[in-house]
Amino acid sequence: MVRSYLGSLHNEEVRGLKVSLFITCLSDMFFTDVGKNTVEILERAGCAVDFPASQTCCGQPAFNSGYLKEAKQSMKQMMRSFRDSEYVVGPSGSCIGMLKEYPKIFAGDKEWEEDARDLANKSYELTQFLVDVLGITDVGSTFKGRVTYHPSCHMTRILGVKDQPRKLLQNVKGVELIELPVAEDCCGFGGTFSVKNPDISREMVKEKSRHVSETGADYLVGGDMGCLMNIGGRMRREGKQVEVIHITEILNTH
């Protein structure tokens, strides 16, 4: 769906920075609107967006599970796919954070270490790119509701993106931003952690769900789809009415 959507865009008419979209697995397979929203947000900001169709998984699931050899095959394909890109932008702090780890993984590999550094240096999570590269803190969106923000672990701890999403949300007309209690706590997803340690993961997401409810918010917003899928699933099973959405849904509403 994302591929066919991008094929209909007239990027040659857009002037500005050239950006390659890194769609990520979850967005490509389950959250296609996030990909569409990301493209539209970037184009409104004046960027020319392309989509290298040969891109694949960043390799994080295999890498975190200890399958380094297998993970490197995906990583090499990613480096090939984005070799000619000026900027690489994705709607996931976790996946972009993985790209930032490539230089460590390929250190000393004469064939790939330069490509690894190049990809890491030009890759950005969407809100990070908007605020830190384009200098945009107000995308001109309007969204009515009480919103609380979940700062996902990889986005904050690995990528170091903390304030950028909040700056953008604070400038959305109609949004009442409410602080999430104990926001820094993990939701229990952690990629394969939730599969390998389901009992611990379940207790962690139960706690996160309780804190979200304490805010009285209408919407829980985040920048990583795995976390949102985990929290949203728990809250639905508990019969809670809080809507769990990716930040691009708010930033692309007018």
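Start at the second largest pocket: α3, α14, β8 and α15 (247–251) each supply at least two residues of its lining. The model you have open is predicted.

**Stop 1: the second largest pocket**

Select Phe 31, Val 244, Ile 245, His 246 and Glu 249. Among the 13 residues that line this pocket, these lie nearest its centre. The space here comes to about 230 Å³. Which element gives the most to the lining? Helix α14 does, with four residues. Now colour the lining by class: six residues are nonpolar, four are polar and three are charged.

**Stop 2: the sheet that holds β8**

Keep β8 selected and add its sheet. Four strands form an open sheet in the order β6-β5-β7-β8, and the pairing is parallel. Look at the edges: β6 (173–178) and β8 (243–246) each pair on one side only. On average, neighbouring strands in this sheet are turned by 35° against each other, direction ignored.

Zoom in on β7 and β8. Strand β7 covers residues 219–222 and pairs with β8 through four bridges, in the parallel sense. Pick Gly 222. Which residue of β8 is its bridge partner? The partner is His 246. You have already met His 246 as one of the residues nearest the centre of the second largest pocket.

Next, show helix α14, residues 225–237. This helix lies across β5 (142–150), β7 and β8. Its direction is at about 170° to β8.

**Stop 3: the other sheet**

Move to β1, β2, β3 and β4. They make an open sheet in the order β2-β1-β3-β4, with parallel pairing. The edges are β2 (48–50) and β4 (123–125); each has a single partner strand, so one side of each is left without a neighbour in the sheet. Here, too, the average turn between neighbouring strands is 35°, direction ignored.

Select strand β3, residues 87–90. Three bridges join β3 to β4, and the two run parallel. At Gly 90, look across to β4: Glu 125 stands opposite.

**Stop 4: helix α3 and its neighbour**

Show α3 against this sheet. The helix lies across β1 (18–21), β2 and β3, and runs at about 175° to β1. Recall that α3 also supplies at least two residues to the lining of the second largest pocket.

Now add helix α9, residues 126–133, beside α3, residues 32–44. How far apart are their axes? The distance is 11 Å, and the packing angle is about 10°. The two helices are therefore roughly parallel to each other. Turn on side chains at the contact. From α3, Thr 38, Ile 41 and Leu 42 meet Leu 126, Phe 129 and Leu 130 of α9. By class, this contact has five nonpolar residues, one polar and no charged ones.

**Stop 5: the largest pocket**

Finish at the largest pocket, with about 490 Å³ of space. Select Leu 26, Gln 60, Ser 94, Phe 189 and Gly 191: of the 27 lining residues, these are the closest to its centre. Then highlight the helices α2 (25–29), α4 (60–64), α6 (93–99), α10 (153–158) and α14. Each of them supplies at least two residues of the lining. Helix α14 thus appears at both pockets. How does the lining divide by class? There are 13 nonpolar residues, 13 polar and one charged.

Conventions:
Residues are numbered from 1 along each chain as its sequence is written. This is a predicted model: local features need pLDDT of at least 70, side-chain atom pairs count only at pLDDT 80 or more; totals for chains, interfaces and linings use all residues. Side-chain values use heavy atoms; hydrogens and water are left out. Two strands pair if DSSP finds at least two bridges between them. Axes are lines fitted to C-alpha atoms, for helices over the stretch in contact, and angles run from 0 to 180 degrees between N-to-C directions. Contact means heavy atoms within 4.5 Å. Angles under 35 degrees count as roughly parallel, over 145 as roughly antiparallel, 65 to 115 as roughly perpendicular and the rest as oblique. Ala, Val, Leu, Ile, Met, Phe, Trp, Tyr, Cys and Pro count as nonpolar, Asp, Glu, Lys and Arg as charged, and the others, Gly among them, as polar. On a 1 Å grid over the protein atoms alone, a cavity is a set of points where a 1.4 Å probe fits but cannot get out, and a pocket is an open set with protein on both sides within 12 Å along at least five of seven lines; lining residues have an atom within 4 Å of a point. Grid points are joined across faces, edges and corners, and a volume is the space filled by probe spheres set on the points.
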